[in-house]
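Please lead me through this protein step by step, in a way that a first-year student can follow with the model on the screen.

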Amino acid sequence: FRAATMSEASASTKTPADFLKSIKGQQVSVKLNSGSDYKGVLACLDGYMNIAMEQTEEYNQEGQLKNKYGDCFIRGNNVLYIHAKKT
């Protein structure tokens, strides 16, 4: 048995920041504290979890389409979680 070196351990460990970088440009679903869902393409985000999305659709708590937006900006303190669609 051999312990992993620091560089090997860091290469195999994914941080939340790594995950967020890896899903840029992909379809995501963003759940807000209010219960609303926004689905679209993740354009960018910052360290405060402020999110810019494209081709965005807003769904209410019952899952019904409420509105469609070209571009959308979501303030980070409203975000409950981000779910990446499997490709």
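**The core and the strands around it**

The largest nonpolar core has 15 residues, and of these Val30, Ile51, Met53, Ile74 and Ile82 touch the most other members. Each of the strands E1, E2, E3, E4 (65-74) and E5 supplies at least two residues of this core. As a general point, nonpolar side chains in soluble globular proteins tend to be buried together.

Before following these residues further, it helps to know what kind of model this is. The structure is a predicted model, with a mean pLDDT of 86, and 84% of the residues in the protein reach a pLDDT of 70 or more. Over residues 1-9, however, the pLDDT is below 50, and beyond near neighbours in sequence this stretch has two contacts in the model. Where pLDDT is low, the predicted coordinates should not be read in detail.

The protein as a whole has two helices and five strands, and, read from the N terminus, the order of these elements is α-α-β-β-β-β-β. Of the 87 residues in the protein, 31% are buried, while the accessible surface comes to about 6100 Å², with 52% of that surface belonging to carbon and sulfur atoms. If one takes the contacts between residues at least 6 apart in sequence, 39% of them join residues at least 24 apart.

We can now trace how the strands pair. Strand E1 (residues 27-32) and strand E2 (residues 37-45) run antiparallel and are joined by five bridges. Within this pairing, Val28 stands opposite Gly40 in E2, and the bridge partner of Val30 in E2 is Tyr38. The hairpin of E1 and E2 has four residues between the strands, and in this hairpin Gly35 takes a positive phi near 100°. Ser36 also has its place in the loop between E1 and E2. Ser36 counts as buried because its relative accessibility is 14%, where the cut-off for buried is under 20%. Leaving aside neighbours within four places in sequence, Ser36 is in contact with Val30, Lys31, Glu58, Tyr59 and Gln61.

From E2 the pairing continues to strand E3 (residues 51-59), which runs antiparallel to E2 and is joined to E2 by seven bridges. Here Val41 stands opposite Glu54 in E3. The hairpin of E2 and E3 has five residues between the strands, and Met49 in this hairpin takes a positive phi near 70°. The core residue Met53 has contacts that, leaving aside neighbours within four places in sequence, include Val28, Val30, Tyr38, Val41, Gly70, Cys72 and Ile74.

On which strand, besides E2, does E1 find an antiparallel partner? E1 is joined by five bridges to E5, and these two strands run antiparallel. In this pairing Lys31 stands opposite Tyr81 in E5. Val79 is found in strand E5 (residues 79-84), and Val79 is buried because its relative accessible area is 15%, under the cut-off of 20%. Although Val79 and Val30 are 49 residues apart in sequence, their C-alpha atoms are 7.0 Å apart in space. Leaving aside neighbours within four places in sequence, Val79 is in contact with Val30, Lys31, Leu32, Asn33, Met49, Ile51 and Ile74, and among these Val30, Ile51 and Ile74 were named above as members of the core.

One last feature concerns the aromatic rings. How many aromatic pairs does a search of the whole structure find? The search finds one aromatic pair. The pair is formed by Tyr38 and Tyr69, whose ring centres are 6.5 Å apart, and it counts as stacked because the planes of the rings are at 25°. The pair links distant parts of the chain, since Tyr38 is in strand E2 and Tyr69 is in strand E4, 31 residues apart. The two rings belong to residues with their own burial classes: Tyr38 counts as buried, at 12% relative accessibility, whereas Tyr69 counts as partly exposed, at 31% relative accessibility.

Definitions and conventions:
Residues numbered from 1 in each chain as written. Predicted model: local features only at pLDDT ≥ 70, side-chain atom pairs only at ≥ 80, totals over all residues. Heavy atoms only, no water. Buried < 20%, exposed > 50% of the residue type's maximum accessible area, 1.4 Å probe, protein only. Contact = heavy atoms within 4.5 Å. Areas by Shrake-Rupley, 256 points an atom, 1.4 Å probe, with all protein chains shown as cover. pLDDT = per-residue confidence, 0-100. Pairing = 2+ DSSP bridges. Core = buried A, V, L, I, M, F, W, Y, C linked by side-chain atoms within 4.5 Å. Phe/Tyr/Trp six-rings, centres within 6.5 Å; stacked < 30°, edge-to-face > 60°.
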